[in-house]
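Trainee: Please pick a single part of this model and take me through it closely. After that, I'd like to hear about the rest of the chain too.

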Amino acid sequence: MENSEGVKIESTVVTEEPLISALDIALFVVIITVAYFWYFKRDKQSSSSEKKPYTIQPSSLSSIEQTSNSSFIKKLKSTGRSLVVFYGSQTGTAEEFAGRIAKEGARYKMKGMVADPEECDMADLVEMKEIQKSLAIFCIATYGEGDPTDNAMDFYEWLQNGDADLEGLNYAVFGLGNKTYEHYNEIAIYIDQRLEELGATRVHEIGLGDDDANIEDDFVSWKEKLWESVCSHYGIEETGEESNIRQYKLVDCSEVLPERIFSGEISRLKSYENQRFPFDVKNPYLSKIAVNRELHKSGDRSCMHIEFDIDGSKMRYDTGDHVAVYPKNSSELVDKIGELLNADLDAVFSLLNTDEESSKKHPFPCPCTYRTALTYYLDITSNPRTHIMKELIEYASDPKDQEKLKLMASSTPEGKKEFHEWILRDNRNIVHILEDLPSVKPDLDHLCELLPRLQCRYYSISSSPKVYPKSIHITAVLVNYTTPTNRVNKGVATNLLAQLIPTNDELPQPTIPIYIRRSQFRLPPKSQTPIIMIGPGTGLAPFRGFIQERDYARKEGREIGEMVLYFGCRKKDEDFIYENELQEYVANGTLTKLHLAFSRDQPEKKYVTHLLEQNADELWNIIGEKSGHLYVCGDARSMAKDVHSIIVKVVMEKGQMTSSQALNYVKKMEQQKRYSADVWS
């Protein structure tokens with residue numbers, strides 16, 4: 001090694017120098033040896049903290065057991081399975097799809113298992129050929145700006161950097177994406193192509209699911225054709241057996257001691273009572289709400305400015321990062337489910353995986369009460385997918401209800417239409433379904449197995465750590481809307497946050513679990529680089545942090561570049577958020593220009609995109625002549641796309657380029673992180 005070679009060289013030089021005594025040599029060698037071991041240990045710790053291992057490492061296992069536990073090949077062989085379905089999931093949908101595929105494998109004489117690539121040694125893919133008629137399926141989501149999910153990051157990097165021989169590996173890929181985003185299904189497409197480049201055999205063409213349309217329909221259609229290809233490739237036939245087999249079995253936990261029962265913790269029992277750093281997706285920080293104030297001046301809508309206290313948490317964030325908030329369902333909806341199913345919500349239970357080899361023993365933290373599961377762990381407000389309709393059929397005592405569920409669970413054109421109209425268009429959740437199909441009375445434990453996990457909500461941080469190192473600010477619109485069935489649906493997180501109002505210092509302050517998710521939405525490294533920020537509505541949030549950071553630099557005496565902000569809302573006197581702050585930044589010179597569009601303050605609607613078109617010279621001056629940065633935050637479906645089109649048009653006209661040249665120029669800006677978007681649909 002380099003350090004050990006250094007020691008040898010130094011010691012040789014010393015022994016050849018007659019002016020140095022033996023004691024000097026000995027001391028020198030001791031110092032170098034100590035330095036070497038200190039450096040080696042530090043380097044080892046550093047590298048281990050930067051790179052997440054594939055192996056599962058439960059504390060009760062020896063190192064040998066830990067290594068073998070990460071080998072999905074050994075699990076396949078020892079249990080006689082030939083199908084493994086990997087998932088890259090950020091919100092749980094890909095994991096759910098993977099489970100459904102593995103479950104259906106039994107109908108085709110392919111016993112399957114679901115696997116998290118983060119917990120597997122993916123280099124073992126080279127050994128899949130040793131298993132007869134084996135198949136690896138990948139359900140892979142793309143999120144952010146074409147990024148892999150957290151649990152698929154290591155696998156993605158392994159494919160990028162490795163050159164494994166995957167000849168003999170049979171595979172298929174289904175991607176989960178959203179067409180409103182530029183990098184639609186980019187990760188799934190890359191994995192599909194890369195596996196082929198490494199010698200693997202594609203059994204069925206890639207499926208691309210669009211969450212902006214009907215990803216359930218995309219998945220079901222692809223899955224049906226997948227099994228046709230599998231039958232053809234392996235020369236097998238469908239057994240015809242239905243796959244409505246429970247994945248988890250109910251365990252009565254009424255005798256479990258209270259201190260062993262989960263009460264809403266994400267992973268570790270009693271983690272909210274005994275908080276331990278570091279805080280992340282599985283170990284959120286229970287933050288106090290320091291400030292919760294209304295930003296709208298009038299009108300029937302609400303926008304909240306909320307500050308989370310992180311003092312003493314050791315949490316650090318950068319301007320442009322996101323904060324994840326763990327919500328809980330309303331007690332009203334939870335109680336309604338208990339009432340509709342005539343269930344004891346305070347009964348303590350556990351769901352145990354019937355697959356003893358699975359690394360996922362429970363669908364959520366168990367044991368717990370049904371009330372806890374429905375409040376903290378299960379999504380009861382989103383539209384259920386078709387497989388839930390199928391599972392509910394057996395619980396319908398009314399033939400009409402049975403037929404309706406069968407129709408919606410089918411893949412016929414009539415069934416898809418009914419599902420789209422009755423579930424998606426009318427925006428029914430599981431509570432609404434149980435209300436409108438009164439004969440459907442599923443076992444509550446089975447319903448808990450079927451419902452997806454309640455996911456954390458991400459918000460752009462609207463503060464700078466330079467100015468607010470001990471708090472995190474967010475800007476959130478309260479979500480309330482009436483559905484076509486005249487029900488009022490409420491946003492899970494924002495309606496919870498609206499209730500968390502700080503009191504005086506003598507009383508306990510309201511709290512909520514949070515953690516920080518890193519982002520690539522960053523200010524330029526040099527404070528003098530000019531920037532343009534486009535953020536209508538709550539799209540202003542990250543730019544509030546950007547402006548604070550530049551203002552901080554200005555007050556320190558550093559030179560700051562031009563800052564141009566485009567902001568829009570409905571009415572100046574109603575929803576112009578942070579108006580006084582922005583005007584102050586204009587007055588002190590931090591904010592060079594503030595372009596405002598109030599869409600409903602005049603007969604003709606006026607948006608930020610109209611202002612962009614009017615200021616083509618200014619745009620080109622900053623992004624073209626001065627190589628500045630451009631940022632967009634807000635709605636991905638229309639605003640962000642319109643902005644992109646305008647930018648390309650400005651580059652064409654002011655930069656005197658052809659259409660293809662302008663597109664390449666903007667593409668290069670994106671690659672150089674000079675054009676960044678933080679958008680949602």
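Mentor: Let's start with some vocabulary: helices and strands here are DSSP runs, at least four residues long for a helix (H or I) and at least two for a strand (E), numbered from the N terminus. Keep in mind as well that this is a predicted model.

The part I'd pick is an open sheet of three strands, in the order β8-β12-β13, with antiparallel pairing. β8 and β13 are at the edges with a single partner strand each, so each has one side without a neighbour in the sheet.

Let's go through the pairings. β8 covers residues 248-252, and five bridges pair it with β12 in the antiparallel sense. If you want a spot to click on, try lysine 249, whose bridge partner in β12 is leucine 352. On to the other pairing: β12 and β13 (residues 368-369) run antiparallel, joined by two bridges. Here you'll find valine 348 opposite threonine 369, while phenylalanine 349 is opposite cysteine 368.

Now look at β12 by itself, residues 348-353. Of its six residues, five are buried, so the strand is largely enclosed by the rest of the structure.

The loops around this sheet are worth a visit too. Between β12 and β13 there's a loop that holds proline 367. A cis peptide bond joins this proline to cysteine 366, with omega at about 5 degrees. The loop between β8 and β9 (285-294) has proline 278 in it, and that one is joined to phenylalanine 277 by a cis peptide bond, again with an omega of about 5 degrees. I point these out because most peptide bonds are trans, just as most residues other than glycine have a negative phi.

That second habit has its exceptions in this chain as well. Asparagine 427 isn't a glycine, yet its phi is positive, about 55 degrees; you'll find asparagine 427 in the loop between α13 (413-425) and α14 (430-436). Serine 627 also has a positive phi, about 50 degrees, without being a glycine. Serine 627 sits in the loop between α21 (616-625) and β22 (629-635), and with a relative accessible area of 43% it is partly exposed.

For a helix to set beside β12, go to α16 (residues 492-499). Six of the eight residues there are buried, so α16 is largely enclosed by the rest of the structure. Among those buried are Val492, Asn495 and Leu497.

Now zoom out. The protein chain has 23 helices and 23 strands, and 50% of its 681 residues are buried. Of the contacts with a separation of 6 or more, 74% are between residues 24 or more positions apart.

Last, how far can you trust what you see? The mean pLDDT of the chain is 89, and 89% of the residues reach 70 or more. Over residues 36-68, though, pLDDT is below 50, and the model gives that stretch 35 contacts beyond near neighbours in sequence. Residues 1-20 stay under 50 too, with 13 contacts beyond four places in sequence. Where pLDDT is low, the predicted coordinates should not be read in detail.

Terms used
Residues are numbered from 1 along each chain as its sequence is written. This is a predicted model: local features need pLDDT of at least 70, side-chain atom pairs count only at pLDDT 80 or more; totals for chains, interfaces and linings use all residues. Side-chain values use heavy atoms; hydrogens and water are left out. Buried means under 20% relative accessible area, exposed over 50%, partly exposed in between (1.4 Å probe, protein chains only). Two strands pair if DSSP finds at least two bridges between them. pLDDT is the predictor's confidence in each residue, from 0 to 100. Contact means heavy atoms within 4.5 Å.
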